[in-house]
4 protein chains.
Amino acid sequence: MAGNTFGTLFKLTTYGESHGIAIGGIIDGCPAGLTLDMEAIQRDLDRRKPGQSKIVTQRKESDTVQFMSGIFEGVTTGTPIGFQIVNENQKSKDYSHIKDTYRPSHADKVYDDKYGVRDYRGGGRSSARETASRVVAGAIAKQLLSSFKINAFTSSVGDLFIDKPYQDLDFNEIENNAVRCPDSAFAKAFEEKIMQVRKAGDTIGGTITCVIQNVPSGLGEPVFDKLHADLAKAMLSINAVKGFEYGSGFCGAKMKGSDHNDLYNEDGTTQTNLSGGIQGGISNGMDIYFRVAFKPVATLIQNQETINSAGEKVMMQGKGRHDPCVVPRAVPIVEAMAALVMADHFIRARTTRL
Amino acid sequence: MAGNTFGTLFKLTTYGESHGIAIGGIIDGCPAGLTLDMEAIQRDLDRRKPGQSKIVTQRKESDTVQFMSGIFEGVTTGTPIGFQIVNENQKSKDYSHIKDTYRPSHADKVYDDKYGVRDYRGGGRSSARETASRVVAGAIAKQLLSSFKINAFTSSVGDLFIDKPYQDLDFNEIENNAVRCPDSAFAKAFEEKIMQVRKAGDTIGGTITCVIQNVPSGLGEPVFDKLHADLAKAMLSINAVKGFEYGSGFCGAKMKGSDHNDLYNEDGTTQTNLSGGIQGGISNGMDIYFRVAFKPVATLIQNQETINSAGEKVMMQGKGRHDPCVVPRAVPIVEAMAALVMADHFIRARTTRL
Amino acid sequence: MAGNTFGTLFKLTTYGESHGIAIGGIIDGCPAGLTLDMEAIQRDLDRRKPGQSKIVTQRKESDTVQFMSGIFEGVTTGTPIGFQIVNENQKSKDYSHIKDTYRPSHADKVYDDKYGVRDYRGGGRSSARETASRVVAGAIAKQLLSSFKINAFTSSVGDLFIDKPYQDLDFNEIENNAVRCPDSAFAKAFEEKIMQVRKAGDTIGGTITCVIQNVPSGLGEPVFDKLHADLAKAMLSINAVKGFEYGSGFCGAKMKGSDHNDLYNEDGTTQTNLSGGIQGGISNGMDIYFRVAFKPVATLIQNQETINSAGEKVMMQGKGRHDPCVVPRAVPIVEAMAALVMADHFIRARTTRL
Amino acid sequence: MAGNTFGTLFKLTTYGESHGIAIGGIIDGCPAGLTLDMEAIQRDLDRRKPGQSKIVTQRKESDTVQFMSGIFEGVTTGTPIGFQIVNENQKSKDYSHIKDTYRPSHADKVYDDKYGVRDYRGGGRSSARETASRVVAGAIAKQLLSSFKINAFTSSVGDLFIDKPYQDLDFNEIENNAVRCPDSAFAKAFEEKIMQVRKAGDTIGGTITCVIQNVPSGLGEPVFDKLHADLAKAMLSINAVKGFEYGSGFCGAKMKGSDHNDLYNEDGTTQTNLSGGIQGGISNGMDIYFRVAFKPVATLIQNQETINSAGEKVMMQGKGRHDPCVVPRAVPIVEAMAALVMADHFIRARTTRL
């Protein structure tokens with residue numbers, strides 16, 4: 001049970017190391033009859049790919065997806081959708097400096113502990129490159145959920161955060177700036193912060209907020225597979241994520257019940273939405289919103305002392321082309337994982353009643 | 001895929017509504033040959049049961065577990081462990097007042113939306129009573145993981161929080177106070193806070209911190225089933241939970257990489273542990289720690305305006321015997337779910353290498 | 001992955017040993033809104049229970065099922081259905097004679113090999129008593145599939161077999177005789193054969209044929225989870241089953257394509273049905289029919305030489321109240337497993353198209 | 001739950017249609033540290049590929065497998081193994097004649113019934129071309145089980161069958177003839193039979209026997225996932241299979257218990273092996289053997305009357321390059337599926353005991 005599959009009825013299985021021949025996956029359970037917009041899929045991949053702006057890694061990968069099966073004349077056939085993204089960058093680098101060296105706060109050492117062997121080139125399977133496959137599947141999930149609106153955006157960088165409720169933000173603004181922020185003033189501040197950190201050879205963390213709108217009531221299962229439990233798992237499965245909260249989140253833990261309860265309107269909507277669109281694990285038709293915390297990227301352009309596989313202290317040279325802040329490129333990944341969860345529960349909900 | 005099973009190799013499936021004949025479950029995948037301490041199982045159930053102190057609900061349930069199978073002469077046989085807890089309280093109450101009324105911030109309405117039918121007595125399947133079955137399974141998982149130390153405790157109530165690192169706390173203190181706090185001064189403050197809220201007919205939220213020690217390196221799967229992703233799902237699947245963070249958590253999102261990275265000692269341990277004992281989804285042998293946010297209980301001893309199933313405004317009378325703060329009784333539930341995740345990955349790790 | 005669950009969307013998990021407190025299970029995934037005929041469930045259990053006629057074991061068990069959850073006012077709620085059957089016979093016998101002795105062609109030795117420990121009383125988990133739980137779940141599945149007709153019957157005992165196509169048999173006759181045969185002449189011959197074998201302290205094998213009618217086209221998945229592959233697994237999972245064939249079966253392996261192909265009528269039905277109602281793993285609307293082979297019961301009323309756990313030769317006394325032929329009591333079990341497979345694919349088919 | 005995954009801990013997920021860009025799959029759960037013999041994998045593919053002898057289809061495909069991930073410097077890393085086989089034949093043919101025509105005893109019509117859309121080229125997903133991916137995964141499973149011996153062979157063609165016990169056959173002979181028969185005299189008779197059928201533009205069925213030796217005691221799970229139940233499902237999931245029997249099989253259903261029971265030797269082996277190496281679903285260390293029935297290929301070189309999607313009678317021209325008998329090429333597929341089942345249970349057995 002090596003855990004390379006996500007979902008139960010809309011399932012994504014991925015394969016691939018960062019510097020192997022290709023990464024890719026199989027989507028099993030996409031219903032038949034969905035006419036796919038192929039450009040929209042590639043567009044989401046382009047939002048995630050390296051080299052798209054000055055605040056992300058300058059590595060070059062075209063990240064072009066190729067579909068092998070499951071689509072006939074532009075329409076899904078109900079059979080598994082196999083796809084791949086060739087690793088163009090695969091032979092361009094020398095990774096011997098990390099072959100036996102354990103980078104701090106990376107997975108190098110635990111891979112050796114666990115498997116006794118690892119593909120050390122560029123992080124191998126532990127590289128966030130794997131998330132490109134998730135973006136492909138998520139883009140198809142979005143099309144399955146065509147009436148839903150799923151918007152993620154950068155809501156903080158370091159200690160700078162958007163001090164407005166999401167309802168006051170313009171989601172159309174998100175793609176208008178490199179940092180993917182729906183407020184142009186904050187976008188500018190975030191970008192400056194990232195540039196400043198980059199110049200120092202350092203990295204910085206941040207948060208992404210995601211809002212899912214137009215969700216029907218009734219999605220999610222009431223006990224273990226609560227809708228928000230599956231969203232939490234999806235988000236924590238993204239590289240560098242340290243936390244998840246939905247609705248009132250950690251702030252809700254400070255509140256009293258009389259302030260926290262969402263009172264009903266006569267039409268079944270609620271006057272407030274501290275619940276975050278989910279009650280007892282099941283969507284209630286209100287907006288679903290949640291927040292995801294990303295740690296700063298562990299790869300620095302500074303020297304760091306570390307150890308090698310023999311347990312000796314060694315100096316690790318800071319070099320390479322890495323993201324100073326992972327958050328802008330993680331926005332489409334958060335959307336993709338949210339879409340995978342929602343698509344899965346959308347299909348599961350068909351099996352609930354007689 | 002109704003989602004009443006948790007785990008992959010150490011699996012718990014639960015059944016039961018709060019006011020049906022019994023709740024219970026089946027544990028499938030507990031290895032053969034484990035000598036069980038039956039009293040320790042009941043002890044964890046007693047920590048969760050109602051009526052144990054003045055700061056929890058005064059409802060009475062003995063919550064005695066009965067095992068049906070899978071244990072022979074005190075030893076697990078490798079076959080499924082069936083168990084049940086009879087609902088003693090099942091007929092004692094009149095629930096007609098909530099039959100057609102949707103309680104604010106409860107799951108009543110979404111159950112009707114989803115299923116078209118519901119057992120309305122005391123919340124039915126959405127009641128936290130279901131978590132008693134999790135405590136049973138978690139207590140067995142703890143015994144499987146006998147060398148691990150799993151300690152959860154109340155770390156905040158409302159806006160009061162323990163302002164010390166967990167290393168400075170005495171876990172032996174946890175069971176010495178009703179609020180399950182490892183610091184007697186904070187315990188007193190927390191209890192007073194809860195009593196004050198209860199007197200006002202109100203409720204209050206809080207957080208639980210959990211620390212897992214003596215974990216070997218190599219548990220967890222690197223992509224979707226990251227150890228912390230499964231912990232997040234486990235925690236968010238508990239009633240009333242709104243957030244999860246591990247290691248540096250949301251604070252980590254404010255930090256720079258040069259401050260956040262955990263540098264290695266020569267023995268492979270790290271000088272700091274902002275990673276929270278997990279790298280790339282895999283345990284690294286350091287302490288695993290995480291924090292869980294609980295919203296205030298939605299059932300108040302105050303009248304609230306709400307709607308009925310006909311969409312009419314009705315007044316809901318505040319009554320009943322409910323918890324003013326769910327956190328003290330949730331401590332063994334957090335431990336149980338943590339133990340279930342760790343047991344699952346403990347067994348999964350056996351399948352990793354040749 | 002101990003394998004005590006059957007099905008994917010309509011799932012049955014069972015627990016219980018033959019001489020523990022109870023056996024039982026959890027059905028997860030039964031859609032909400034199904035009004036259950038409780039007497040029909042018990043009726044199927046009664047068809048399976050011991051002591052019902054002179055040609056089956058004379059052991060006494062009332063085999064009364066008790067439901068714990070998932071049903072409210074006679075209607076399924078969509079939550080898991082927990083149920084149990086108390087083992088009334090549990091303490092009445094002395095099993096010390098098989099504690100250390102391995103009965104020939106039983107699972108005693110392999111349990112010790114596999115688990116290192118076993119509940120030796122009456123076969124423990126390996127006893128066919130476990131199938132009572134399957135009959136409960138199958139009876140609910142049948143009600144979900146109310147428009148389907150599922151009929152199993154004894155088609156051979158030893159070398160006596162019904163030499164007529166199933167279309168010439170009267171399924172209403174099945175419950176009119178102890179052997180569950182839809183032809184009264186063959187019923188008489190089968191019964192005589194079984195009585196004769198019983199008198200000799202011996203046992204005998206037989207086959208069951210099952211016919212499923214009124215199945216819509218489109219059930220089953222085309223690759224690994226072919227409808228007939230799942231039926232095969234279901235049948236082979238029943239104690240004592242040695243073989244499965246559907247449609248033309250092993251005879252089909254002797255035929256030419258020009259004789260075997262089922263030509264179409266204009267309405268999409270086929271002129272012949274050697275395919276057995278399934279093409280490429282998917283139902284085509286024609287009758288599904290298959291045949292299941294049962295070996296003779298291994299417990300004899302004759303002495304047999306065998307070994308004990310120390311590897312010494314010992315004489316095993318023939319005694320006890322066992323079935324001379326398992327087939328009559330297995331008829332409802334075959335139907336139950338067929339119903340579980342069909343219910344699972346019936347629900348899965350809802351997820352196929354947009 | 002579209003069912004394109006086989007296995008629980010050693011899992012294969014496949015994708016691909018016969019005339020798409022490629023077929024392929026992902027193996028998840030292969031333990032780390034296995035040094036792979038790549039040539040042995042290709043050798044099994046070559047045993048299955050078209051055009052290898054005069055008694056199989058003369059279609060040309062090189063069927064070269066390419067691995068994308070999960071293998072580093074020739075050793076498995078524990079991460080998923082992605083692989084593909086490019087469809088070289090993909091554009092060479094005109095399939096408009098079957099676009100709207102339902103071939104008798106093919107899956108064309110049920111695909112339309114189920115999905116509402118299908119890739120009609122050469123059978124699409126229903127083509128046995130998919131089994132090439134199984135052979136790849138099975139070849140890796142065989143290497144994981146290096147101490148096991150898995151031999152399948154053609155045991156009958158039409159009404160000709162090998163009338164010797166498998167113990168009297170020389171498995172080294174299997175690959176010495178085109179029909180894959182371990183007896184040269186029968187091989188000759190089988191080949192002649194197939195050539196004769198081919199000349200008549202017809203096809204013929206047959207059976208494959210598989211013997212698995214050197215299996216340790218204790219593999220298999222006792223209830224639903226019995227070792228033979230999983231073997232049955234595996235075999236019935238292969239295209240054209242109509243039946244499965246193991247050990248005494250359908251003959252066992254005619255026997256008496258006193259003849260059927262396998263008596264023990266003092267070393268725990270049995271004097272006879274009518275059980276087929278499995279007791280209660282668990283391997284007992286004796287040889288596992290089973291037999292699989294294949295129907296005659298449905299594609300004929302004769303004209304057949306059939307219907308189109310409008311329900312009109314049409315004449316289907318017999319043409320194309322198809323197998324007169326599927327059995328010789330199915331031998332490596334049977335071995336592959338057997339290896340997948342055994343590998344899965346081999347890994348599962350690691351989780352059984354404390």
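Helix α4 of chain A is mostly covered, with 12 of its 14 residues buried. Buried here means that 20 or more other C-beta atoms lie within 10 Å of the residue's own; exposed means 12 or fewer, partly exposed is in between, and the C-beta atoms are placed from the backbone. The buried residues of α4(A) include A:Thr131, A:Ala132, A:Arg134, A:Val135 and A:Lys142. The helix covers residues 131-144 and reaches 20 Å from its first C-alpha to its last, close to the 20 Å expected at 1.5 Å a residue. That expected span is 1.5 Å times one less than the number of residues. Helices (H or I, at least four residues) and strands (E, at least two) are DSSP runs, numbered from the N terminus.

Before I go on, this is a predicted model: local features need pLDDT of at least 70, side-chain atom pairs count only at pLDDT 80 or more, and totals for chains, interfaces and linings use all residues. Residues are numbered from 1 along each chain as its sequence is written, and chains are lettered from A and ligands numbered from 1 in the order in which they are written.

Next, the annotated positions. Which residues does the UniProt annotation "binding site" cover in chain A? According to the unreviewed entry, they are A:Arg48 and A:Lys54. UniProt positions are given in the numbering used here, feature names are shortened, and annotations may be inferred rather than shown by experiment.

A:Arg48 sits in helix α1 (residues 38-48) of chain A. A:Arg48 counts as buried because it has 25 C-beta neighbours inside 10 Å. Not counting residues up to four places away in sequence, A:Arg48 touches A:Ala132, A:Val135, A:Arg329, A:Pro332 and A:Ile333. Contact means that the C-beta atoms of two residues, placed from the backbone, lie within 7 Å. Two of these partners, A:Ala132 and A:Val135, are among the buried residues of α4(A).

A:Lys54 is in the loop between α1 and β4 (65-67) of chain A. Is A:Lys54 buried or exposed? A:Lys54 is exposed, because 11 other C-beta atoms lie within 10 Å.

Now the chains together. A turn of 180 degrees, with a shift of 0.0 Å along the axis, lays chain B on chain A with an RMSD of 0.0 Å. The two copies are thus related as by a two-fold rotation axis. The superposition is by least squares on the C-alpha atoms of residues with pLDDT of at least 70 in both copies.

Chains A and B meet through the same surface, because 100% of the interface residues of chain B are also interface residues in chain A. The contact takes 95 residues from chain B and 95 residues from chain A. On the chain B side, helix α6 (residues 227-236) gives the most, with six residues. That side has 32 nonpolar, 39 polar and 24 charged residues. Ala, Val, Leu, Ile, Met, Phe, Trp, Tyr, Cys and Pro count as nonpolar, Asp, Glu, Lys and Arg as charged, and the others, Gly among them, as polar.

Strands also cross between these two chains. Strand β12 (residues 241-246) of chain A and strand β12 (residues 241-246) of chain B run antiparallel and are joined by three bridges. Strands pair if DSSP finds at least two bridges between them. In this pairing, A:Phe244 stands opposite B:Phe244.

B:Ser248 lies in the loop between β12 and α7 (249-252) of chain B. With 24 C-beta neighbours inside 10 Å, B:Ser248 counts as buried. Leaving aside neighbours within four places in sequence, its contacts are A:Lys242, A:Lys295, B:Met255, B:His260 and B:Leu274.

Chain B also meets chain D. A rotation of 180 degrees with 0.0 Å of shift along its axis superposes chain B on chain D, with an RMSD of 0.0 Å. In chain B, the C-alpha nearest that axis belongs to B:Arg350, 3.3 Å away. This contact takes 13 residues from chain B and 13 residues from chain D. The chain B side divides into six nonpolar, five polar and two charged residues.

Last, a strand in chain C. Strand β2 (residues 11-15) has five of its five residues buried. C:Lys11, C:Thr13 and C:Tyr15 are on one side, with C:Leu12 and C:Thr14 on the other. Strand β1 (residues 5-6) of chain C pairs with β2(C) in the antiparallel sense over two bridges. Five bridges join β2(C) to strand β3 (residues 22-28), again antiparallel. There, C:Thr13 stands opposite C:Ile26.
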